Amino acid sequence: LHSILLSLFASLVAPFGGFLASGIKRAYGIKDFDSIIPGHGGLMDRFDCQLIMALATWVHYNTFVKITTVSVSKLLYMYRLLGEEERKQFLEKITQIPSAK
């Protein structure tokens with residue numbers, strides 16, 4: 001499922017990576033990226049869409065795929081963000097959980 005979503009995103013949005021790179025080059029008056037990395041201008045220009053897809057893949061992975069870890073400090077931080085009524089509900093629910101022995 002994740003690969004299908006990423007492939008659809010790539011086919012629709014990745015070409016705009018080239019437009020983004022072209023905009024950056026025009027803003028700085030650069031013909032190609034050869035002046036940034038000597039000898040690799042043509043090669044780097046072919047990877048414009050890879051830059052936007054690398055970012056999209058990273059965001060997708062960290063948002064939907066990666067298993068998050070929970071620590072005491074994270075729980076305390078999240079508890080402090082709750083409103084007074086939500087804190088009461090949280091404490092009621094947490095006291096109902098049987099302790100593991």
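# A tour of a six-helix chain

Of the 101 residues in the chain, 12% are buried, and the model on screen is a predicted one. Begin with the whole chain in a cartoon view, where six helices and zero strands appear, giving the pattern α-α-α-α-α-α as the sequence is read along. If you switch on the surface, its accessible area amounts to about 8,500 Å², and carbon and sulfur atoms account for 68% of that area. A contact map of the chain adds one further overview: among contacts between residues at least 6 apart in sequence, 50% join residues at least 24 apart.

Next, select helix H1, residues 2–13, and within it Ser-3. With a relative accessible area of 54%, Ser-3 is exposed, because the cut-off for that class is over 50%. Add Thr-57 to the selection and draw a distance between the two C-alpha atoms: Ser-3 and Thr-57 are 54 residues apart along the chain, and their C-alpha atoms are separated by 9.9 Å.

From there, move to helix H4, residues 48–65, and pick out His-60. Is His-60 buried or exposed? Its relative accessible area is 12%, and since buried means under 20%, His-60 counts as buried. To see what surrounds it, show the residues that His-60 touches when those up to four places away in sequence are set aside, namely His-2, Leu-5, Leu-6 and Val-65.

Now select helix H2, residues 15–27, and check its length: at 1.5 Å a residue, its 13 residues should span 18 Å, and the end C-alpha atoms are 19 Å apart, which agrees. Colour Gly-17, Gly-18, Ala-21 and Lys-25, which are the buried residues to look for in H2. Where do these buried residues fall when H2 is seen down its axis? They lie within an arc of 100 degrees, so they line one face of the helix. The general background is that an α-helix has 3.6 residues a turn, so residues three or four places apart point the same way. Rotate the view to the face of H2 turned away from its buried side, and the exposed residues Phe-19, Leu-20, Arg-26 and Ala-27 come into sight. Following H2 you reach Gly-29, whose phi is positive, near 65 degrees.

For the last stop, select helix H6, residues 84–96, and highlight Leu-91 within it. Leu-91 has 41% relative accessibility and therefore counts as partly exposed. Then extend the selection to Phe-90, Ile-94 and Ile-97, which together with Leu-91 form a nonpolar patch on the surface. The accessible area of these patch residues together is about 350 Å².

Note on methods. Residues are numbered from 1 along each chain as its sequence is written. This is a predicted model: local features need pLDDT of at least 70, side-chain atom pairs count only at pLDDT 80 or more; totals for chains, interfaces and linings use all residues. Side-chain values use heavy atoms; hydrogens and water are left out. Patches are made of residues with over 30% relative accessible area and no salt bridge: like charges are joined within 9 Å, nonpolar side chains (Val, Leu, Ile, Met, Phe, Trp, Tyr) within 5 Å. Accessible areas come from the Shrake-Rupley method with a 1.4 Å probe; for residues, only the protein chains shown count as cover. A salt bridge is a side-chain nitrogen of Lys or Arg within 4 Å of a carboxyl oxygen of Asp or Glu. Helices (H or I, at least four residues) and strands (E, at least two) are DSSP runs, numbered from the N terminus. Buried means under 20% relative accessible area, exposed over 50%, partly exposed in between (1.4 Å probe, protein chains only). Contact means heavy atoms within 4.5 Å. The expected span of a helix is 1.5 Å times one less than its number of residues. The arc is that of the directions from the helix axis to the C-beta atoms.
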